[in-house]
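Visitor: I would like to go through this chain with you step by step, and I would ask you to give the reasoning behind each reply.

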Amino acid sequence: MEQREQLLNESFCNIYYSDSVIYAEWKGFLKLDQVKKGCLMMTKEIKNNNTKMHLSDHRELRVLSKEVQDYLTQEWFPQVEAAGLKKVAALVSDDVFAKATVDKVNTTAKVGNLTIKTFNAKKDCLDWFDKIGEGV
C-alpha cells in the first residue's frame with residue numbers, strides 16, 4: 001500500500017505526496033486564487049523534496065478560465081521547472097471542453113526541460129514515470 005503525505009485537502013483540490021511523486025486532484029470550475037493556493041503548496045513541496053514528477057488529475061475538472069491558463073503557462077510551469085520538476089503527467093477528463101483547456105495549457109507552456117504529457121489512465125501516467133524515472 002502506498003504511503004501518502006496529505007498536503008492540501010480542499011473542495012477544489014486534493015494534493016498529496018507519495019513515492020517521489022506529487023499528486024493533485026483538481027475538481028470543478030477553478031478560480032485563480034484556488035489554483036494559486038494549490039500550486040504554491042506544490043512548489044514548496046517540489047523544492048523541499050527535490051521532486052521530479054507530478055501527476056495532475058483533471059478527471060473532475062471543468063473548464064479552466066483564461067486567467068488560470070495564463071497563470072499556469074506563464075508563471076507556475078516556469079517556477080516548478082526552475083525548482084527541479086522534470087515530468088508532468090496530466091490525467092484528463094472525458095469532458096471534451098475540460099480536456100481541450102488542459103491540452104491548450106500543456107501545449108502553450110513555454111518550458112525548457114519540463115515534459116508535459118496527457119493520459120487517460122492513472123496506470124499509464126505511472127508507467128510513463130517508471131520508464132523515464134532513470135533519466136530524471
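Visitor: Is Asp124 buried, exposed or partly exposed?
Guide: In this predicted model, Asp124 belongs to helix H4, which covers residues 122-132. Its relative accessible area is 38%, and since buried means under 20% and exposed means over 50%, the value falls in between. Asp124 is therefore partly exposed.

Visitor: What distance separates the C-alpha atoms of Asp124 and Ala89?
Guide: Along the chain, Asp124 and Ala89 are 35 residues apart. In space, the separation of their C-alpha atoms is 9.1 Å.

Visitor: In which order do helices and strands follow one another along the sequence?
Guide: The chain contains four helices and six strands. Read along the sequence, these elements are arranged in the pattern β-β-β-α-β-α-β-α-β-α.

Visitor: Among contacts between residues at least 6 apart in sequence, what percentage joins residues at least 24 apart?
Guide: A contact here requires heavy atoms within 4.5 Å, and the count is restricted to residues at least 6 apart in sequence. Of these contacts, the part that joins residues at least 24 apart is 71%.

Visitor: Which residue of S2 stands opposite Leu8?
Guide: S1 and S2 pair in the antiparallel sense over four bridges, and a hairpin of three residues joins the two strands. Within this pairing, the residue of S2 that stands opposite Leu8 is Ile15.

Visitor: Which residue in the hairpin of S2 and S3 takes a positive phi near 50°?
Guide: S2 and S3 run antiparallel and are joined by six bridges, with Cys13 and Trp26 as one of the partner pairs. The hairpin has two residues between the strands; Ser20, which lies in the loop between S2 and S3, has a positive phi of about 65° although it is not a glycine. The residue with the value near 50° is Asp19.

Visitor: And are Asp19 and Ser20 buried, exposed or partly exposed?
Guide: Ser20 has a relative accessibility of 44%, and because exposed means over 50%, Ser20 counts as partly exposed. Asp19, with a relative accessible area of 59%, passes that cut-off and is therefore exposed.

Visitor: How many residues of strand S4 are buried?
Guide: S3 and S4 run parallel and are joined by seven bridges; across this pairing Glu25 stands opposite Asp57, and Gly28 stands opposite Leu61. Strand S4 covers residues 53-61 and is mostly covered. Of its nine residues, the number buried is seven.

Visitor: Which element gives the largest share of the largest nonpolar core?
Guide: The largest nonpolar core has 28 residues, and those with the most contacts inside it include Ile15, Trp26, Met42 and Trp76. Two or more residues come from each of the strands S1, S2 and S3 and the helices H1 and H2. The largest share is six residues, and the element that gives it is H2.

Visitor: How many residues does the other core have?
Guide: This other core lies apart from the largest one, and Val21, Ala89, Leu91 and Cys125 are among its residues. In soluble globular proteins, nonpolar side chains tend to be buried together. The size of this other core is 11 residues.

Visitor: What percentage of the chain's residues is buried?
Guide: The chain exposes about 7200 Å², of which carbon and sulfur atoms supply 49%. Of the 136 residues in the chain, the buried part is 47%.

Visitor: Are Trp76 and Phe77 stacked, edge-to-face or tilted?
Guide: Trp76 has a relative accessible area of 3% and Phe77 one of 5%, so with buried meaning under 20%, each of these residues is buried. Their ring centres are 5.8 Å apart with 45° between the planes; stacked needs under 30 degrees and edge-to-face over 60. The pair is therefore neither of those, and its class is tilted.

Visitor: Which residues form one aromatic cluster?
Guide: The count of aromatic pairs comes to four. The residues that form one aromatic cluster are Phe119, Trp128 and Phe129.

Visitor: Over which ring does the charged end of Arg4 sit?
Guide: The charged end of Arg4 lies 3.7 Å from the ring centre, and a cut-off of 6 Å applies to this distance. The ring in question is that of Tyr16.

How values were computed: Residues are numbered from 1 along each chain as its sequence is written. This is a predicted model: local features need pLDDT of at least 70, side-chain atom pairs count only at pLDDT 80 or more; totals for chains, interfaces and linings use all residues. Side-chain values use heavy atoms; hydrogens and water are left out. Buried means under 20% relative accessible area, exposed over 50%, partly exposed in between (1.4 Å probe, protein chains only). Accessible areas come from the Shrake-Rupley method with a 1.4 Å probe; for residues, only the protein chains shown count as cover. A nonpolar core is a set of buried Ala, Val, Leu, Ile, Met, Phe, Trp, Tyr and Cys residues joined through side-chain atoms within 4.5 Å. Rings of Phe, Tyr and Trp (its six-membered ring) pair if their centres lie within 6.5 Å; planes under 30 degrees apart count as stacked, over 60 as edge-to-face and the rest as tilted. A charge sits over a ring if NZ of Lys or CZ of Arg is within 6 Å of the ring centre and within 35 degrees of the ring normal. Two strands pair if DSSP finds at least two bridges between them.
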